[in-house]
Amino acid sequence: MIGAIDIGGTKIATGLVDSEGRLIETGRSETGAQSRAEAVLADAVQQLLSGCRTHGVTLEGIGIACTGPVDPTTGVVGNVDLLPGWCGVDLTRRFRETFGVRVAVENDADAAALGEFRWGAGVGAKRFVYVTISTGIGAGVILDGHLYRGVDGSHPEIGHQSIDASGPRCYCGACGCWESLVSGPALAGWFAVQLPAGDSAAGLDAASVCRLAAEGHPVARGAVERAGRYLGVGLSNLVTVLCPDVIALGGGLMRSAALFLDPARAVVARSCGLVPWRRTEIRLAGLGADSALIGAAQAWHHRFGDRLRSRA
Ligand SMILES: [Zn+2]
């Protein structure tokens with residue numbers, strides 16, 4: 001049994017994950033801007049301890065998935081916009097000291113990619129990309145059973161590939177980033193701007209826009225078609241650059257996948273003529289909303305455990 005922790009911009013979730021990827025959730029709490037990192041982590045330790053007592057298990061190891069830049073070798077958090085006050089915090093120390101086991105830390109999209117690769121939509125794939133689309137876009141790449149890392153163990157920021165060089169300036173420095181065109185806030189924002197004067201978009205989030213589009217609202221349909229097209233441009237880049245067997249799509253926006261997938265696939269079909277694009281299957285992720293939590297456990301296996309038994 002592996003202890004799993006998923007640290008996001010608004011919440012931290014803990015659970016126990018068995019060797020088949022089955023999750024027993026043990027706790028969930030807020031990581032608001034005001035929450036102190038050490039207090040939040042101390043809470044997570046207590047949740048795991050309590051889960052172990054309740055289920056009568058001891059932990060073989062602990063995996064942590066964390067949003068934003070995090071050093072996978074030291075477990076230290078980088079400068080994360082979403083987690084002010086966490087920069088420089090060692091995520092592993094409390095867990096190592098309390099449980100006496102090895103702790104693996106990964107970026108949350110990489111952890112989810114590992115989980116999907118082993119237990120979800122990527123089973124059997126040799127070249128696998130996982131993309132999560134919600135408030136932003138995160139992605140992880142697995143080649144021949146190994147998580148792809150950049151220089152110094154860095155996490156490639158596929159959500160910040162420039163899709164439209166004349167698009168809006170992103171906080172990363174580039175213009176027209178994928179996530180600034182396709183994320184939930186991007187969809188809701190574009191919809192609000194396009195509404196005729198007098199119509200109010202107040203309180204309408206991406207899920208509401210998707211619902212309106214399904215009901216035939218013309219502006220909402222336009223917003224969804226635009227996002228589907230841009231989704232397809234980013235996917236086409238992945239297909240042309242990596243030629244993967246499978247790209248799995250997850251995240252909140254994919255709860256309305258039926259609205260986006262056909263336009264996105266149409267872009268891939270007309271954009272990737274130099275590679276065998278038909279051999280890349282674009283499918284939905286399989287582990288649902290807990291993919292990063294389950295993936296945190298797989299990150300531990302990938303680092304310390306049964307990597308050689310994964311389907312490389
Ligand atoms: Zn960007």
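This note goes through the zinc site, the helix packing and several individual residues of a predicted model.

1. Zinc donors. The zinc ion has four protein donors: His 160 through ND1, and Cys 170, Cys 172 and Cys 177, each through SG. These atoms lie 2.0 to 2.3 Å from the metal. Along the chain the donors follow the spacing H-x9-C-x1-C-x4-C.

2. Zinc geometry. The angles subtended by the four donor atoms at the zinc ion run from 101 to 118°. The arrangement is tetrahedral because four donors count as such if all angles lie between 85 and 135 degrees. For reference, the ideal angle for four tetrahedral donors is 109.5 degrees.

3. Burial of the zinc ligands. Two of the cysteine donors can be described by their accessibility. Cys 177 has a relative accessible area of 0% and is buried. Cys 170 has 10% relative accessibility, and since the cut-off for buried is under 20%, Cys 170 also counts as buried.

4. Helix H5 and its surroundings. Which residues of H5 are buried? They are Gly 184, Ala 186, Leu 187, Ala 188 and Phe 191. These buried residues pack against H4, H6, H7 and helix H8, the last of which spans 257-271. Two of these partners, H6 and H7, are taken up in the next two points.

5. H5 against H6. Helix H5 covers residues 184-194 and helix H6 residues 206-214; their axes come within 8 Å and cross at roughly 60°. That angle makes H5 oblique to H6. The crossing of the two helices is left-handed. On the H5 side the contact is made by Gly 184, Leu 187, Ala 188 and Phe 191, and on the H6 side by Ala 206, Val 209, Cys 210 and Leu 212.

6. H5 against H7. Helix H7, residues 218-242, packs on H5 at an angle of about 140°, with the axes 9 Å apart. This pair is therefore oblique, as the cut-off for roughly antiparallel is over 145 degrees. The crossing of H5 and H7 is right-handed. From H5, the residues that meet H7 are Leu 187, Trp 190, Phe 191 and Gln 194. Their counterparts in H7 are Val 219, Ala 220, Gly 222, Ala 223, Val 224, Arg 226 and Ala 227. Leu 187 and Phe 191 take part in the contact with H6 and also in the contact with H7.

7. H3 against H9. Helix H3 (residues 108-119) and helix H9 (residues 291-304) have axes 7 Å apart and pack at an angle of about 80°. H3 and H9 are therefore roughly perpendicular to each other. The H3 side of this contact consists of Asp 108, Ala 111, Ala 112, Leu 114, Gly 115, Glu 116, Arg 118 and Trp 119. H9 contributes Ser 291, Ala 292, Ile 294, Gly 295, Ala 296, Gln 298, Ala 299, His 301 and His 302.

8. Positive phi values. Most residues other than glycine have a negative phi. Asp 144 has a positive phi, near 50°. Asp 144 is in the loop between strand S7 (137-143) and strand S8 (146-147), and is partly exposed at 41% relative accessible area. Asp 152 also has a positive phi, near 60°. Asp 152 sits in the loop between S8 and helix H4 (178-182). With 75% relative accessibility, Asp 152 counts as exposed.

9. His 155. This histidine is found in the loop between S8 and H4. Is His 155 buried or exposed? His 155 is buried, with a relative accessible area of 17%. Not counting residues up to four places away in sequence, His 155 touches Asn 107, Ala 109, Asp 110 and Ala 139. The C-alpha atoms of His 155 and Val 70 are separated by 8.4 Å, although these residues are 85 apart along the chain.

10. Thr 132. Strand S6, residues 127-133, contains Thr 132. Thr 132 counts as buried at 17% relative accessibility. Leaving aside neighbours within four places in sequence, Thr 132 is in contact with Ile 137, Gly 138, Gly 250 and Gly 251. Thr 132 and Gly 56 are 76 residues apart in sequence, and their C-alpha atoms are 34 Å apart in space.

How values were computed:
Residues are numbered from 1 along each chain as its sequence is written. This is a predicted model: local features need pLDDT of at least 70, side-chain atom pairs count only at pLDDT 80 or more; totals for chains, interfaces and linings use all residues. Side-chain values use heavy atoms; hydrogens and water are left out. Donors are N, O and S atoms within 2.8 Å of the metal (3.2 Å for Na, K and Ca); water is not among the atoms, so sites may look incomplete. Four donors count as tetrahedral if all angles lie between 85 and 135 degrees; four count as square planar and six as octahedral if opposite donors are over 155 degrees apart and all others between 65 and 115; anything else is irregular. Buried means under 20% relative accessible area, exposed over 50%, partly exposed in between (1.4 Å probe, protein chains only). Axes are lines fitted to C-alpha atoms, for helices over the stretch in contact, and angles run from 0 to 180 degrees between N-to-C directions. Helices (H or I, at least four residues) and strands (E, at least two) are DSSP runs, numbered from the N terminus. Angles under 35 degrees count as roughly parallel, over 145 as roughly antiparallel, 65 to 115 as roughly perpendicular and the rest as oblique. A crossing is left-handed if the near helix is turned anticlockwise from the far one by less than a right angle, and right-handed if clockwise. Contact means heavy atoms within 4.5 Å.
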